[in-house]
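Visitor: Hi, could you walk me through this structure at an easy pace? I am new to this and will probably interrupt with questions.

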Amino acid sequence: MWRHIVSNFLTVLIVLLVALGGLVAWAQKQYEAPGPLTQAVCLKVEPGASFARVSEELRAQGAISSAYIFRAGADYAKKSGDLKFGSYLIGPGATMQGIVEQITSGGPSTCGTELNYRIGVTGQQLILRELDPATGDYVEQAKFDPKTETPPEGFAEAAGKADVRLRVTVAEGATSWQIVEALKSADFLQGEIKAVPAEGSLAPESYEMKRGSERNGLIAEMEKRQAAILAAAWEGRASGLPYSTPEEALVMASLVEKETGIAEERTRVASVFVNRIEQGMKLQTDPAVIYGVTKGQGVLGRGLRQSELRRQTPYNTYVVAGLPPTPICNPGRAAIEAALHPDSTPYLFFVADGSGGHVFAETLEEHNRNVAKWRALEKAAPTTGTNN
């Protein structure tokens with residue numbers, strides 16, 4: 001009898017173990033298989049949140065099929081104690097395993113609210129925006145100039161949340177003085193910038209920040225990136241260029257940056273300046289003259305006067321031959337590449353064409369006809385342009 005009982009017990013135990021093994025295999029398959037999401041969602045993990053709370057939120061959003069399997073998988077992977085707060089974009093079909101990896105690895109938030117401080121050539125703006133997970137597009141919530149405007153109602157509360165991504169974005173062509181002045185109004189940063197960095201030494205890019213970061217640390221990162229960009233571009237430069245140092249190339253890039261904002265024109269504008277230098281012609285570029293007047297401290301806000309075009313300054317390229325002594329702004333990567341890989345053209349002149357671009361000419365006669373057309377357009381619809 002006892003033998004029969006033991007035999008039955010072992011049979012039941014084996015069946016249970018097989019069933020348990022099958023259940024574990026099924027759960028593992030569920031953990032690693034594509035999830036039920038058909039469109040992206042934004043998961044917000046608050047500071048101090050638990051895996052249990054997060055798993056229920058994911059189940060409620062339709063991102064996972066089982067909160068229990070999700071937690072069990074995290075426990076088995078020894079990741080349940082590594083939860084990082086932030087906002088995470090969970091993509092369609094995301095696996096439980098992938099989501100666990102995502103929310104325990106940390107790093108910048110990938111969705112939710114972003115506060116972007118944009119520093120431009122004519123001013124600065126704080127932009128609060130929210131990512132729409134379904135479309136991947138940002139929806140603007142608020143926008144204002146922190147130096148001249150009062151924040152809209154509710155801005156401080158929305159921007160002060162712990163999971164808000166902070167970003168500083170610098171536009172190509174901004175001067176070092178403009179960048180430093182703008183950073184003084186970024187109240188999510190701290191510390192004093194004691195000196196304005198050398199013109200051209202700051203990379204106009206986008207920088208992910210943390211609340212309380214040092215302003216000097218951001219400036220140092222801008223300088224590091226620009227130095228790396230310039231060094232790499234100089235290393236791969238075209239042969240036969242009329243400048244012998246990376247610093248001279250940076251000056252040329254700054255002229256290109258200020259002359260055109262159209263990507264396909266940069267290498268052509270650079271070719272005009274290269275041709276003029278090689279033929280011993282003065283560059284005659286208005287942005288350099290303007291820099292000599294403003295010292296890079298703001299926007300001129302008017303046309304150049306004839307007296308300014310005749311004035312002897314190191315930046316008056318109508319009077320002084322060759323390149324200005326320093327860059328006149330902080331050029332972007334594309335302008336630096338254009339200065340070091342200019343087109344091969346016969347052009348010596350260019351002038352605005354009235355549509356935002358420029359028309360190029362080989363001879364002074366042809367250029368004068370183009371200028372006459374531009375003057376007629378100016379009279380019909382006043383705007384700004386450059387005449388070289």
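**Helices and sheet**

Guide: Let us begin with helix α6, residues 176-183, which lies across the strands β3 (113-119), β4 (124-132) and β6, and runs at about 140° to β3. Please keep in mind that we are looking at a predicted model.

Visitor: Which other helix packs on the sheet, and which strands does it touch?

Guide: That is helix α7, made of residues 215-235, which touches β6 and β8 and whose direction makes about 145° with that of β8.

Visitor: What order do the strands of the sheet come in?

Guide: The order is β5-β4-β3-β6-β8, so to speak from one side to the other, and these 5 strands form an open sheet with mixed pairing.

Visitor: Which strands stand at the edges, and why is one side of each left without a neighbour?

Guide: The edge strands are β5 (137-144) and β8 (206-209), and because each has a single partner strand, one side of each has no neighbour in the sheet. As for the twist, neighbouring strands here are turned by 25° against each other on average, if direction is ignored.

Visitor: How many bridges join β6 to β8?

Guide: There are 4 bridges between β8 and strand β6, residues 165-170, and the two strands run antiparallel. Within this pair, R167 stands opposite E208 of β8, while L166 stands opposite M209 of β8.

Visitor: And which residues of β8 are on its covered face?

Guide: The covered face of β8 has Y207 and M209, whereas S206 and E208 are on the uncovered one. As a general point, side chains in a regular strand alternate between the two faces of the sheet.

Visitor: Okay, new topic: how do α2 and α3 cross?

Guide: Helix α2 (residues 51-60) and helix α3 (residues 67-76) have axes that come within 9 Å and cross at roughly 140°, which means that α2 is oblique to α3. The crossing of these two helices is right-handed.

Visitor: Which residues make that contact?

Guide: From α2 the contact is made by F51, A52, S55, E56, L58 and R59, and from α3 by A67, F70, R71 and A74. Sorted by class, the contact of α2 with α3 has 6 nonpolar, 1 polar and 3 charged residues.

Visitor: What about α2 and α4, at what angle do they pack?

Guide: Helix α4, residues 96-105, packs with α2 at an angle of about 130°, and their axes are 13 Å apart; the two are therefore oblique to each other. Here α2 contributes F51, V54 and L58 to the contact, and α4 contributes I99, V100, I103 and T104.

Visitor: How many charged residues does the contact of α2 with α4 have?

Guide: That contact has no charged residues, with 6 nonpolar and 1 polar making up the classes. In this pair, too, α2 passes α4 in a right-handed crossing.

Visitor: Let me jump to P342: where is it, and what is it in contact with?

Guide: P342 sits in the loop between α12 (333-340) and β10 (349-352). If we leave aside its neighbours within four places in sequence, P342 is in contact with L241, T267, A270, S271 and V274.

Visitor: Last one: what is phi of Q284 near?

Guide: Phi of Q284 is near 50°, a positive value in a residue other than glycine, and Q284 lies in the loop between α9 (266-278) and α10 (286-294). With a relative accessible area of 26%, Q284 is partly exposed.

Conventions. Residues are numbered from 1 along each chain as its sequence is written. This is a predicted model: local features need pLDDT of at least 70, side-chain atom pairs count only at pLDDT 80 or more; totals for chains, interfaces and linings use all residues. Side-chain values use heavy atoms; hydrogens and water are left out. Two strands pair if DSSP finds at least two bridges between them. Axes are lines fitted to C-alpha atoms, for helices over the stretch in contact, and angles run from 0 to 180 degrees between N-to-C directions. Contact means heavy atoms within 4.5 Å. Angles under 35 degrees count as roughly parallel, over 145 as roughly antiparallel, 65 to 115 as roughly perpendicular and the rest as oblique. A crossing is left-handed if the near helix is turned anticlockwise from the far one by less than a right angle, and right-handed if clockwise. Ala, Val, Leu, Ile, Met, Phe, Trp, Tyr, Cys and Pro count as nonpolar, Asp, Glu, Lys and Arg as charged, and the others, Gly among them, as polar. Buried means under 20% relative accessible area, exposed over 50%, partly exposed in between (1.4 Å probe, protein chains only).
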